[in-house]
Amino acid sequence: MATISQINSYIVDIPTIRPHKLSMTSMAVQSMVIVRIRDSEGREGIGEGTTIGGLAYGAESPESIKTNIDSYITPLLKGKGTDNPQVVMQDIHRAIRGNSIAKSAIETALLDLLGKTLNVPLSTLLGGTLHSHIPCLWVLASGDTQRDIDEAKTMIATGRHNTFKLKIGNRSVQDDVAHVAAIKSALGNEISIRVDVNQAWTESDANLGMALLQEAGVDIVEQPTSAGQLDSLVRLADKYRIGVMADESISNINDCFELAKRGFSGSVALKIAKAGGPVQALKVATVCQAAGIDLYGGTLLEGSIGTAAAIHAWSTLPELQADSEMFGPLLQRDDIVTAPLNYHNFGVDVPRGPGLGLTLDEDKLKEYARSY
Ligand code: MUC
Ligand code: MG
């Protein structure tokens, strides 16, 4: 049996195609942690752990992800067999609290390595794919209404995306609603618009915002209030016709079970980074399915490696009722894989090659890695 012989991690900084403005930060660059796990036979698995805006989204930063992989996870991996990722991940979960993004990078790399060893796609290791193409919306977050409208029209005309999520929460509720309503009316009835508030509203802001957004024809409001306020998500979902999506509130099966117990009737944004990897994210999906909560294929704006890992996972789910947003690589000016994911027909293809179905571009990795 092959064993793990070497683990390397890199922080890779790639500029974004335009500023990406969220309620808590504005991104001009995306910083991804890329992991390479080599085995005793010379094979390699790759993984990615990525967050948004340093510590703006959650408790892990690119630097903490790399440090904790190098200092605490690497010693647990060396010499372990590569044929059973679950056994290796169990040791990691027992020894290390939290750090779900770092764990997601490692779980992905172990699955990629096993997929390459067995010559099967990662989705096969997760039970088998049900879809070859995953729908993919685009996030309008330039901060400028006319620029967002032009961007959306180009995306529709070129067949890239026909559903849009708008990042709001940075301005007053009235100003944000005016921005969203202008975009909705410019794009017309057939185009689905959602908003992501990234926790910026109080419940009273949300009551005003949701009533106005409902009138404007918006379909879903994502994470309107603070992550810990589960009851407010339940109340808002019950009160309005417009859907409520939980994102920052739900990382793992425990959060999800708690929200389900409280009677939540909205949707949940699944993210491999929040859950601790593709296997863990699918467990969150199972809790949602049991509770009748709709599923959404979410991203932390990973590059191609993390995005492909999530796409493999989502492809094993019968339905993503609330859609999917695996567009992270398209927000970056460049890519560190030799053949990028194939975006067309308002979605993205599930890669077919062994493991993730991707190959690292060594020159690009050297160019963008902070220190190589
Ligand atoms: C989030 O909060 O949903 C997903 C898309 C995007 O633009 O930001 C992320 C994070
Ligand atoms: Mg969100």
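Start by selecting Asp323, in the loop between α12 (304-314) and α13 (328-331). This is a predicted model, so read everything on this tour as computed geometry. Pull up the backbone torsions: Asp323 has a positive phi of about 90°, and it is not a glycine. Is Asp323 buried or exposed? It is buried, with a relative accessible area of 16%, against a cut-off of under 20% for that label.

Now jump to Phe346, which sits in the loop between β12 and β13. Here too phi is positive in a residue other than glycine, this time near 60°. Phe346 counts as partly exposed, at 29% relative accessibility.

**The three-stranded sheet**

While you're at Phe346, show the strands around that loop. Three of them make an open sheet in the order β4-β13-β12, with antiparallel pairing. The edges are β4 (133-135) and β12 (343-344); each has a single partner strand, so one side of each is left without a neighbour in the sheet. Zoom in on β4 and strand β13 (residues 347-349), and you'll find three bridges joining them. To see one pair, select Ile134 together with Val348, its bridge partner in β13.

**The N-terminal strands**

Next, select strand β1 (residues 4-21) and follow the chain into β2. The two form a hairpin with four residues between them. They run antiparallel and are joined by 13 bridges. For a landmark, pick Ile11, which stands opposite Val33 in β2.

Stay on strand β2 (residues 26-39) and add β3: seven bridges join this antiparallel pair. Two pairs are handy to label: Val35 stands opposite Gly47 in β3, and Met32 stands opposite Thr50. The hairpin of β2 and β3 has four residues between the strands, and Gly42 takes a positive phi near 90° there.

Colour this region by accessibility. How many of the 14 residues of β2 are buried? Ten are, so β2 is largely enclosed by the rest of the structure. For strand β3 (residues 44-50) the tally is seven of seven, so that strand is largely enclosed too. Side chains in a regular strand alternate between the two faces of the sheet, which makes the faces worth viewing separately. Both faces of β3 are covered: one side carries Glu44, Ile46, Glu48 and Thr50, the other Gly45, Gly47 and Gly49, and all are buried.

**The seven-stranded sheet and the magnesium ion**

Switch to the open sheet of seven strands, in the order β5-β6-β7-β8-β9-β10-β11, where the pairing is parallel. Its edge strands are β5 (138-140) and β11 (294-297), each pairing on one side only. Look down the sheet and you can follow the twist, which averages 30° from one strand to the next.

Then select ligand 2, the magnesium ion. Which protein residues are its donors? They are Asp196 (OD), Glu222 (OE) and Asp247 (OD), lying 2.0 to 2.2 Å from the ion. Along the chain these donors follow the spacing D-x25-E-x24-D. Asp196 is in strand β7 (residues 192-196), while Asp247 is in the loop between β9 (243-246) and α9 (253-261), so the pair ties together parts that are 51 residues apart in sequence. Both Asp196 and Asp247 are buried.

Don't leave Glu222 yet: this donor stands opposite Met245 in β9. The strands to show here are β8 (residues 220-222) and β9, which pair in the parallel sense over three bridges.

**Two helix stops**

From β9, move to helix α8 (residues 230-239). Its buried residues are Leu230, Ser232, Leu233, Val234, Leu236 and Ala237. Show α7 (203-216), β9 and α9 as well, as these are included in what covers them.

Finish with helix α3 (residues 100-118) and helix α11 (residues 278-291). Their axes are 8 Å apart, and the packing angle is about 110°. That falls between 65 and 115 degrees, so α3 and α11 are roughly perpendicular to each other. Show side chains for Glu107, Thr108 and Leu111 of α3 and for Pro278, Val279 and Gln280 of α11, which make the contact. By type, the residues of this contact divide into three nonpolar, two polar and one charged.

Conventions. Residues numbered from 1 in each chain as written. Chains lettered and ligands numbered in written order. Predicted model: local features only at pLDDT ≥ 70, side-chain atom pairs only at ≥ 80, totals over all residues. Heavy atoms only, no water. Donors = N, O, S within 2.8 Å, 3.2 Å for Na, K, Ca; no water. Buried < 20%, exposed > 50% of the residue type's maximum accessible area, 1.4 Å probe, protein only. Axes fitted to C-alpha atoms, helices over the stretch in contact; angles between N-to-C directions. Parallel < 35°, antiparallel > 145°, perpendicular 65-115°, else oblique. Contact = heavy atoms within 4.5 Å. Nonpolar A, V, L, I, M, F, W, Y, C, P; charged D, E, K, R; others polar. Pairing = 2+ DSSP bridges.
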